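Dear colleague,

I am pleased to hand over the structure below for your consideration. My notes on the findings come after it.

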Amino acid sequence: MSCDRFLKTTPSNLAIEGKVYQTDSWTNVPQSILSLVPRRLHLQPSHPVSLTRELIESCFPPPTFANYNNISPVVTVAQNFDSLGFPADHPGRNRSDTYYINQNTVLRTHTSAHEAEIFRQNASEGYTISADVYRRDAIDRSHYPIFHQMEGARMWDRRKVPGGNVAKAVWDDLSRMPTHNLEVDDPNPTVHSERNPLQAEHHSIEEVEAIAAHLKRSLEGVVVELFSKAKQAAAAANTLESSPDEPLKVRWVEAYFPFTSPSWELEVFWQGDWLEILGCGVTKQDLLINADVPNQLGWAFGVGLERVAMLLFSIPDIRLFWSKDGRFLSQFSDTANISRFRAFSKYPSCHRDVSFWLRSSGNSAGGGLRSNAQDFHENDVMEVVREIGGDLVEDVRLFDEFQHPASGRKSLCYRINYRSLERTLTNAEANELHGRVEKDLVQKLGVEIR
């Protein structure tokens with residue numbers, strides 16, 4: 001895989017958190033991303049992402065659960081993909097989706113990159129990991145190239161439970177857990193041979209029934225913790241759309257995830273809509289076998305902290321999490337006093353369109369690897385815009401496309417919405433940013449501006 005368009009601007013090495021990494025033809029992580037690595041929003045006191053982490057973490061206390069919050073985001077390709085069984089041709093491995101430091105090293109794309117290592121350490125019966133993760137992605141109000149995940153797991157060891165009876169041990173643990181008054185809709189059987197299969201070569205149905213019940217009670221407890229506080233905050237702001245006394249409602253939906261089976265999504269009915277909160281399931285036994293703990297079995301879940309924080313604090317734009325503006329940060333204090341975000345201003349947007357031709361594969365004009373329609377990936381456009389505009393860009397969307405009937409060349413038109421969260425952008429500023437975007441699209445992607 002050639003990466004010629006990066007070679008002119010890529011330094012020979014990158015320093016990340018005190019360590020130096022050699023670059024190569026795979027390197028595609030820009031300095032704008034590296035500059036945000038030290039921010040660690042999930043550890044920043046009184047920050048909404050950190051407060052959300054603390055609330056969820058409080059549902060998984062020690063000594064049963066160990067909490068890992070400060071693991072370096074630099075991981076090997078083996079950790080990020082191979083240890084989890086990603087096939088060699090999985091799209092997540094592509095440079096269009098992942099930030100590569102070099103061919104063998106990436107910025108983690110998920111907290112699961114550390115799963116095998118923590119399973120192998122076997123330091124506790126359960127764990128949570130919260131961390132910043134990195135993905136090349138779209139630009140809009142709900143996507144950002146850096147976001148924060150939390151995952152958790154709870155295991156039982158066949159060699160350690162009384163009589164080797166995992167099902168009974170799990171039910172005994174469940175009997176000691178607190179109950180709740182949620183309205184729970186869970187109409188489907190725990191396993192289904194096609195939709196949600198049992199790992200029959202590793203687990204009995206009795207074990208999975210018990211593990212699923214423990215998992216669901218645990219995560220329903222998370223909903224109670226989060227959304228009870230969200231209801232209080234909404235009621236205080238006079239924005240609650242239901243009666244304060246109305247019970248919270250959740251439902252379990254069958255799902256597919258590569259690392260669990262059977263699997264579910266947990267949805268909560270909030271402000272008139274069903275919203276997916278997290279994914280979970282019975283851990284794939286192959287992961288535990290590969291981590292050298294074949295006698296363990298249990299459950300795992302994963303949740304996006306920004307997604308929950310946006311609901312919990314009523315934050316409308318994901319860019320706000322990265323703001324250093326005191327008018328934003330001063331609105332949040334601690335988990336005992338959850339408050340809804342109060343907009344301090346709404347600044348006008350500046351829309352600009354950019355139209356360009358992609359090269360046909362036989363045309364040698366232009367200078368970039370992804371200049372032709374076969375190699376073009378939309379995330380490359382997003383990366384160019386993000387590198388120039390940063391958080392001054394609210395969203396980028398494909399506005400129009402056209403294929404010339406005679407030449408077969410393809411033209412794309414993207415609409416870029418420039419809007420600052422903290423001040424009014426002038427037309428001159430928007431024009432200057434947009435001019436630089438057009439220049440970089442030509443230089444880095446080899447397109448032809450129309």
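The notes that follow deal with salt bridges and then with a pocket.

Please keep in mind that this is a predicted model.

Salt bridges

Across the whole structure, the search returns 31 salt bridges. Three of them are described here.

The pairing of D132 with R40 has its closest N and O atoms 3.9 Å apart. D132 belongs to strand β7 (residues 126-134), while R40 sits in the loop between α2 (31-34) and α3 (48-57). With 92 residues separating the two, this salt bridge links distant parts of the chain. Both D132 and R40 are buried.

E394 and R419 also join their side chains in a salt bridge, at 2.8 Å from N to O. This pair, too, links distant parts of the chain, the two residues being 25 apart. E394 is found in strand β15 (residues 393-403), and R419 in the loop between β16 (410-418) and α12 (427-445). As for accessibility, E394 and R419 are both buried. They are also members of a network of salt bridges that links R141, D317, R319, E394 and R419.

The third example, R436 with E432, has an N to O distance of 3.7 Å. Here both partners lie in helix α12, four residues apart, which is about one turn of the helix. Are these two side chains buried or exposed? Neither term applies: R436 has a relative accessible area of 37% and E432 has a relative accessibility of 42%. Buried means under 20% and exposed over 50%, so values in between count as partly exposed. R436 is therefore partly exposed, and E432 is likewise partly exposed.

In general terms, side chains of opposite charge can pair when their charged atoms come close.

The second largest pocket

The second largest pocket has a volume of about 430 Å³. Its lining is made up of 20 residues, of which C59, P61, M177, P178 and S218 are the closest to the centre. Which element supplies the largest share of this lining? Helix α7 (residues 205-236) does, with six residues. Sorted by class, the lining residues of the second largest pocket comprise ten nonpolar, six polar and four charged.

Should you wish to inspect particular sites, the buried pair D132 and R40 and the network that includes R141, D317 and R319 can be located directly in the structure shown above.

With kind regards

How values were computed. Residues are numbered from 1 along each chain as its sequence is written. This is a predicted model: local features need pLDDT of at least 70, side-chain atom pairs count only at pLDDT 80 or more; totals for chains, interfaces and linings use all residues. Side-chain values use heavy atoms; hydrogens and water are left out. A salt bridge is a side-chain nitrogen of Lys or Arg within 4 Å of a carboxyl oxygen of Asp or Glu. Buried means under 20% relative accessible area, exposed over 50%, partly exposed in between (1.4 Å probe, protein chains only). On a 1 Å grid over the protein atoms alone, a cavity is a set of points where a 1.4 Å probe fits but cannot get out, and a pocket is an open set with protein on both sides within 12 Å along at least five of seven lines; lining residues have an atom within 4 Å of a point. Grid points are joined across faces, edges and corners, and a volume is the space filled by probe spheres set on the points. Ala, Val, Leu, Ile, Met, Phe, Trp, Tyr, Cys and Pro count as nonpolar, Asp, Glu, Lys and Arg as charged, and the others, Gly among them, as polar.
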